[in-house]
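Hi there,

Here is the structure I promised to pass on to you. Please have a look at it first, and then read my notes below.

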Amino acid sequence: MRPIIFLSLICLSTAAAADQEDNCPPNIARDQFLKVNGVNCYQFVLGYKLDYTTAQQFCTNRGGTLLLVKSKNVTDFIIDQLTFEFSNANKIWIGLSDRDTEAEFLWEDGTPLGDYTNWGPHSGPSHNTTTSGIQDCVTFDPNKGGLWEEDVCSDLFLGLFTHERPFVCQYRLRGSSTVLLA
Ligand SMILES: [Ca+2]
């Protein structure tokens with residue numbers, strides 16, 4: 001009986017995982033690039049690169065935002081997926097910028113920085129350098145513990161200097177309550 005019970009448990013857990021992805025927004029493709037963690041669906045867009053503004057539009061057009069990294073839990077999940085699931089060593093865009101007011105970083109859902117930050121040694125609101133004014137968008141480096149670094153948001157000089165990167169969109173899992181989000 002024991003092997004049967006064990007197999008049943010595997011089937012149940014597999015079904016539960018599939019069910020979770022069913023609760024992602026219906027317009028998001030169901031494939032290996034769609035993952036669920038906590039109350040969010042994450043769409044890994046790693047096959048091509050876009051500048052920050054275009055990547056952000058890609059996500060908002062589908063009802064989401066660029067990846068919001070507001071906890072160590074999310075950092076660890078994203079590094080794990082990028083490294084072990086997708087073998088992606090490139091930096092990705094996250095939905096954080098100071099495009100509106102220099103040194104005032106806002107998440108793409110409109111919220112300010114919270115207690116959790118992961119700035120690299122030369123980035124962040126306390127590092128006001130000569131390049132800070134043109135570096136308004138933030139990258140996440142899976143090779144350095146997900147460290148955040150400021151970068152130029154868009155291509156410069158008619159595309160001579162490109163600033164295109166892979167990215168991740170996130171969407172709210174349907175049925176997730178606001179209690180879980182607290
Ligand atoms: Ca800046």
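What follows is a short tour of what I found, going from the overall layout to single residues.

Please keep in mind that this is a predicted model. The protein chain has four helices and eight strands, and from the N terminus they come in the order α-β-β-α-β-α-β-β-β-β-β-α. Of its 182 residues, 28% count as buried. If you look at contacts between residues at least 6 apart in sequence, 70% of them join residues at least 24 apart.

A good place to start is strand 8, residues 165-172. Six of its eight residues are buried, so the rest of the structure largely encloses this strand. Strand 8 pairs with strand 2 (residues 40-50) in the antiparallel sense, over seven bridges. It also runs antiparallel to strand 3 (residues 65-66), and two bridges join that pair. Which residue of strand 8 is the bridge partner of Tyr 42? That is Gln 170, and Gln 170 also stands opposite Thr 65. You can use Gln 170 as a handy landmark, then, with Tyr 42 as a bridge partner and Thr 65 opposite.

Next comes helix 3, which covers residues 72-85. Its 14 residues should span 20 Å at 1.5 Å a residue, and the end C-alpha atoms lie 19 Å apart, which agrees. The buried residues in this helix are Val 74, Thr 75, Ile 78 and Leu 82. Viewed down the axis of helix 3, these buried residues fall within an arc of 105°, so they line one face of the helix. The face turned away from that buried side carries the exposed residues Lys 72, Asn 73, Phe 84 and Glu 85. What covers the buried residues of helix 3? The cover includes strand 6 (137-141) and strand 8.

Ile 78 deserves a closer look within helix 3. It counts as buried because it has 23 C-beta neighbours inside 10 Å, where 20 or more are needed. Leaving out residues up to four places away in sequence, Ile 78 touches Leu 67, Val 69, Phe 140, Gly 146 and Val 168. There is also a pair to note: Ile 78 and Asn 37 are 41 residues apart in sequence, with their C-alpha atoms 9.5 Å apart in space.

Now for the loops. Helix 3 is followed by Ser 87, which sits in the loop between helix 3 and strand 4 (92-97). Its phi is positive, near 50°. Most residues other than glycine have a negative phi, which is what made me pause here. Is Ser 87 buried or exposed? With 8 other C-beta atoms within 10 Å, Ser 87 is exposed. Ala 103 has a positive phi too, near 70°, and its place is in the loop between strand 4 and strand 5 (106-107). Ala 103 counts as partly exposed, with 13 C-beta neighbours inside 10 Å.

Finally, Gly 175 lies in the loop between strand 8 and helix 4 (178-181). It is exposed, having 9 other C-beta atoms within 10 Å. Gly 175 and Cys 24 are 151 residues apart along the chain, yet 9.5 Å separates their C-alpha atoms.

Best wishes, and happy browsing!

Terms used. Residues are numbered from 1 along each chain as its sequence is written. This is a predicted model: local features need pLDDT of at least 70, side-chain atom pairs count only at pLDDT 80 or more; totals for chains, interfaces and linings use all residues. A residue is buried if 20 or more other C-beta atoms lie within 10 Å of its own, exposed if 12 or fewer, and partly exposed in between; C-beta atoms are placed from the backbone. Two strands pair if DSSP finds at least two bridges between them. Two residues are in contact if their C-beta atoms, placed from the backbone, lie within 7 Å. The expected span of a helix is 1.5 Å times one less than its number of residues. The arc is that of the directions from the helix axis to the C-beta atoms.
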